[in-house]
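Student: Got a minute to go through this one with me? Let's start with the ligand.

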Amino acid sequence: MADRDGFIWYDGKLVPWRDATTHVLTHSLHYGLSVFEGVRAYRSEIGTAIFRLEDHTNRLFNSAHIYQIPMPFDRDTINEAQRTVVRENQLESCYLRPLVFYGPEKMGVSPKGAKVHVAIAAWPWGAYLGEEALSQGIRVKVSSFARQHVNVTMPRAKVATTYANSILANTEALQDGYDEALLLDTEGFVAEGSGENLFLVKDGVLCEPEIASALTGITRSTIHALAADFGLRVVTKRLTRDDVYIADEAFFTGTPPKSRRSARSTTARSARAGAAPSPRSCRRRFLTW
Ligand code: PMP
């Protein structure tokens with residue numbers, strides 16, 4: 001990732017990609033406190049468009065607020081910086097990664113005294129779980145690791161430390177021959193994937209788990225809007241592991257992969273795929289978009 005052409009927006013300036021570095025004693029590298037976003041830009045009929053840019057920026061600021069990180073830039077600057085990064089790297093469609101982290105000015109658990117930095121990179125990145133996953137589905141393992149309890153981390157924040165828990169679950173799933181992990185909460189109710197929210201379809205009803213210990217996904221709220229367009233009701237309730245086993249269809253949502261289809265048509269495709277579920281089997285179709 002470090003060795004490529006292009007520019008990264010770093011603390012207010014566009015810096016050549018290879019020069020956007022930080023010291024090994026960076027506080028966030030040692031104690032894990034950084035907040036970030038995953039955003040996508042798509043080629044559209046009216047030019048490249050960033051999907052729900054302001055919602056992502058708002059979540060980034062909420063994440064910083066939750067962890068008491070003083071943001072050194074305002075929302076308009078961060079929105080404009082994301083547009084600049086896409087434009088200056090001449091990207092038609094891409095993934096964007098805004099990151100807020102503490103610098104190397106001090107060591108010790110408290111970040112007080114360390115400088116807050118903001119970096120925004122953008123690069124082409126295809127389907128998160130691979131192109132095949134979009135048509136073939138994936139195999140998902142219910143993790144032996146629980147999603148962190150709300151008294152352990154604060155799940156409304158997209159914070160790096162959450163992903164240590166995600167990495168444990170995802171690594172276990174991959175080592176056991178699956179494609180992704182599904183985490184339950186500490187009481188055993190369904191939480192989310194290692195990097196996605198979950199929806200189920202059962203008897204024509206779209207259901208999702210309560211998001212107490214899951215990230216409030218932005219794609220998830222787009223599903224709510226699209227479901228309303230299709231006249232579908234979304235039921236949000238505590239879901240158990242066996243609700244997943246007996247679902248007619250299950251799909252993960254997360255910042256969408258690069259696709260030539262619009263989000264709307266891709267979602268419709270997933271919904272259609274669910275109309276003819278495979279017979280009851282342990283290998284259910286998990287569709288991502
Ligand atoms: N949960 C987790 C843990 C995630 O990392 C993501 C991806 N950001 C999501 C859910 C889905 O969120 P979004 O739809 O905003 O990408």
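Tutor: A ground rule: a residue is near a molecule if one of its heavy atoms lies within 4 Å of it. This is a predicted model: local features need pLDDT of at least 70, side-chain atom pairs pLDDT 80 or more, while totals for chains, interfaces and linings use all residues. Numbering runs from 1 along each chain as its sequence is written, and side-chain values use heavy atoms, without hydrogens and water.

Student: How many residues surround the ligand, and which are closest?

Tutor: 16 surround the ligand. The closest are Tyr163, Glu192, Ile218, Thr219 and Thr255.

Student: Which side chain has a polar atom 2.5 Å from a ligand oxygen?

Tutor: Thr219. Polar contacts are pairs of N or O atoms within 3.5 Å. Arg59 places a side-chain N or O atom 2.8 Å from a ligand oxygen. For Lys158, the partner is a ligand nitrogen, at 2.8 Å.

Student: How much of the ligand does the protein bury?

Tutor: 95% of the 390 Å² that the ligand exposes when taken alone. Areas are Shrake-Rupley, with a 1.4 Å probe.

Student: Switching to the sheet. What's the strand order?

Tutor: S8-S9-S10, open, with mixed pairing. Strands are DSSP E runs of at least two residues, and two pair if DSSP finds at least two bridges between them.

Student: Why do S8 and S10 each have a side without a neighbour?

Tutor: S8 (140-146) and S10 (190-193) are edge strands, each with a single partner, so one side of each lacks a neighbour in the sheet.

Student: And how do S8 and S9 pair?

Tutor: In the parallel sense, over four bridges. Val142 stands opposite Leu182 in S9.

Key:
Polar contact = N/O pair within 3.5 Å; in protein donor to acceptor, adjacent residues only side chain to side chain.
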